[in-house]
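Please work through the exercises below with the sequence and the model side by side, and try each task before reading its solution.

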Amino acid sequence: MRAQFVLSEIGVGLRRNLTMTFAVIVSVALSLGLFGASLLMRDQVSTMKGYWYDKVNVSIFFCNKNDADSGANCAKGAATQQQKNDIKAELDRLPIVQKPVTYESSDQAYKHYKEQFGDTPVAGLVTPDQLPESFRVKLKDPTKYAVIKSAFSERPGVQEVQDQRDTVEPLFNLLNGMNIAAICVMALMLVVALMLIVNTVRVSAFSRRRETGIMRLVGASSFYIQMPFILEAAIAGLLGAAFACVLIVGGKYVLINNWLSKKIQVINFIGWDSVAAVLPLVLLIGLLMPALAAFFALRKYLKV
């Protein structure tokens, strides 16, 4: 009988405040959708970092005959074979270096340059003798780049020690910035959702103040009086969370699977396992957040 009464009160409350309930559902859906998207974007950035940092190399470029004026290391002209052999032997002894160390000649560098720029006007601006020879070094821990730079950047015959992570780092910084922006918008939407929930509970409690007063007079406990209001908020939040899950799944299917993965095939995008890990958290927050907001709001506004 008590359960039937609580359910009937929930139905009455939802019908009386249909517009505000709909606003709560939409705001919760948008805020939790952004929350889930920010979690997935963080996973995507971590996946991309792991993928690309594992593939990028540290390049040790040697002086060539055109670099005599480019610095003290190249003052004596092109790097000698002995200097290259000494650096190769030292690299082979370093425990942080994955073996083997790859040598790239000027002709190989020019071939890769042509493959990158194809038939564009830029491709004709460079000749093979302008591109330096290099060692391509893969590190067991990419964060140890400073060890290689400090050991070899001042060596005679070495033009430059370059970490290829510098090429992809701006992309990761951009993605992290977008993630922070999404979190800020999500936080703003979450505040809006909480304010709507509190206002909805206030209106619902005010419109039923007579019923709650009678319930208090006949001995109903505070928790029993509050239960319909809390469940109304929880149901609205859960519906919003369900819509947020639909948005997340739809975004993964349409945006990533059917568009980005076909347009950008060099990126290892997150899979459905990452989405499956986020959805329960979205549903849990969608259920608990409105319920707790209603509980604390009722302590102030449900005084009969």
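The exercises that follow deal with nonpolar cores and then with salt bridges.

This is a predicted model, in which local features need pLDDT of at least 70 and side-chain atom pairs count only at pLDDT 80 or more, whereas totals for chains, interfaces and linings use all residues. Residues are numbered from 1 along each chain as its sequence is written, and side-chain values use heavy atoms, with hydrogens and water left out.

**Exercise 1.** Identify the members of the largest nonpolar core that touch the most other members, and state which helices supply this core.

Solution. Begin with the term: a nonpolar core is a set of buried Ala, Val, Leu, Ile, Met, Phe, Trp, Tyr and Cys residues joined through side-chain atoms within 4.5 Å, where buried means under 20% relative accessible area, exposed means over 50%, and partly exposed lies in between (1.4 Å probe, protein chains only). The largest such core has 40 residues, and Ile197, Ile248 and Val282 touch the most other members. At least two residues each come from helix H2 (18-55), helix H6 (165-207), helix H8 (222-263) and helix H9 (272-301), helices being DSSP runs of H or I with at least four residues and strands runs of E with at least two, numbered from the N terminus. The most is given by H8, with 11 residues.

Next, take Val282 and list its contacts (heavy atoms within 4.5 Å). Leaving aside residues up to four places away in sequence, Val282 touches Leu32, Phe35, Gly36, Ala241, Ala244, Cys245 and Ile248. Apart from this core lies another, of 17 residues, including Phe62, Ala79, Val97 and Tyr145.

**Exercise 2.** Locate the salt bridges of Asp92, Arg155 and Arg136, and describe the setting of each pair.

Solution. A salt bridge is a side-chain nitrogen of Lys or Arg within 4 Å of a carboxyl oxygen of Asp or Glu, and a search of the whole structure finds four.

Step one: Asp92 pairs with Lys88 at 2.9 Å, N to O. The two residues are about one helical turn apart, because they lie four residues from each other in helix H3 (residues 81-93). Asp92 is partly exposed at 32% relative accessibility, as is Lys88 at 26%.

Step two: Arg155 and Glu90 bring their closest N and O atoms to 2.8 Å. This pair links distant parts of the chain, 65 residues apart, with Arg155 in the loop between helix H5 (145-152) and strand E4 (158-163) and Glu90 in helix H3.

Step three: Arg136 meets Glu104 at 2.7 Å, N to O. Arg136 belongs to strand E3 (residues 134-139) and Glu104 to strand E2 (residues 97-104), so the pair ties together parts 32 residues apart in sequence. Both Arg136 and Glu104 are buried.
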